[in-house]
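User: I would like a quick tour of this model, in questions and answers. Please keep it brisk.

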Amino acid sequence: MAPVCGAMANHDDRSAVRVTKMRVAGIFISSATIRGSLVLRIAGDVVKGRALYAPAAACKAVLAKIPYAVAIFTPENAMPFPPALLELAALSATEDESSIAALCLQATDCAAVCVPPPFVAQARRALPAAVQVASVVNFPDGAQSQEAIYATLRQILADGGDEIAFVFPYRAFINDNASSALELSEGVAQFCHDHDTRLRVILETGVLADGDILASAEAAIRAGADMLQTSSGYAEKGATPEAALLLLNTLAAAPRDIGLVIAGGVHDADTARAYLVQAAAVMGEDWPDAVRFRLSMGAEDLLALQDADGQPPCAS
């Protein structure tokens, strides 16, 4: 049985336990909420032997091989997920000025927002300069015409956008048209960099096989991506720890510093913290920052990350 560290656990109270599982650097990790207390379950190379049920303070030796997990997961250090690593996204077809205004009110201390192109100017006016305004092109299915893509790019930049989120033409790439997908991506990257604008490439990992995820990620990096993103949020399946690990390993082997945005399926604090632990495990404890690592979620998901006073973590 795996050790459980955190609160004293009631083995029989299964209804009170919510678990998120993942594998990090060969170590099986799952975070769980037991009667409102966040705990960490570890197995594999860290601890061998029978189960351990103990207060979090007694588990620090257990967690010594991944010390950053102590601060993230133990109840005495329970805190809102760092707002500097959050991006709030509102990309549905029903967005309007009021929904974008509401989003911006909640995002004043976050790293970024991501909004549809028609709302870039509104978001830029509403937010502090430190909050990046991103918008999408070739969205959501990666199949727009070049004419439409470049018209959207020009409009986003004219309206004050800071970042471009470009959906990689993944269908073309995996269906024997990789050269055209790469050429288009290179052109978009060149356009962005000529205008001092960061480019993230959305790979839609939820609809790709592992080999295609790796090949798409490597192609996006060759094309000039500054960041990779797991999902548009429109596919049936968004981010998964398995896909994130593939991307992180690709970034670790990249010839330059590339960031990662986890998007699609991040709806609660346990999931957000699990992805942060995973990124730190692969890339190093100091690697996740607002430039290189973000978790993208909708404004409604902030309720799951509220602090002890009930305030959303990004709101001033």
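The turns below cover confidence, fold, pocket and backbone.

Analyst: This is a predicted model, in which local features need pLDDT of at least 70, side-chain atom pairs count only at pLDDT 80 or more, and totals for chains, interfaces and linings use all residues. Residues are numbered from 1 along each chain as its sequence is written, and side-chain values use heavy atoms, with hydrogens and water left out.

User: What pLDDT does the protein average?

Analyst: pLDDT is the predictor's confidence in each residue, from 0 to 100. Of the residues, 70% score at least 70. Residues 1–79 are below 50, yet beyond near neighbours in sequence this stretch has 140 contacts (heavy atoms within 4.5 Å) in the model. The protein average is 77.

User: In what order do the eight strands close into a barrel?

Analyst: Strands (E, at least two residues) and helices (H or I, at least four) are DSSP runs, numbered from the N terminus. Two strands pair if DSSP finds at least two bridges between them. Here the pairing is parallel, and the order is E6-E7-E8-E9-E10-E11-E12-E13.

User: Which residue in E13 is the bridge partner of valine 261?

Analyst: Strand E12 (residues 259–263) runs parallel to strand E13 (residues 293–297), and four bridges join them. The partner of valine 261 in E13 is arginine 294.

User: How is the lining of the largest pocket split by class?

Analyst: A pocket is an open set of points on a 1 Å grid over the protein atoms alone, where a 1.4 Å probe fits, with protein on both sides within 12 Å along at least five of seven lines; lining residues have an atom within 4 Å of a point. The largest one is lined by 29 residues, with Ala89, Ser232, Gly233, Gly264 and Gly298 nearest its centre. Strand E6 (86–89), strand E10 (198–202) and E13 each give two or more residues to this lining. With Ala, Val, Leu, Ile, Met, Phe, Trp, Tyr, Cys and Pro as nonpolar, Asp, Glu, Lys and Arg as charged, and the others, Gly among them, as polar, the split is 11 nonpolar, 11 polar and seven charged.

User: Which residues does a cis peptide bond join?

Analyst: Look at the loop between strand E8 (132–137) and helix H4 (146–158), where proline 140 is found. Omega is about 5° for the bond between phenylalanine 139 and proline 140.

User: What is the phi of aspartate 176?

Analyst: Aspartate 176 sits in the loop between helix H5 (170–174) and helix H6 (178–194). Although this residue is not a glycine, its phi is positive, at about 65°.
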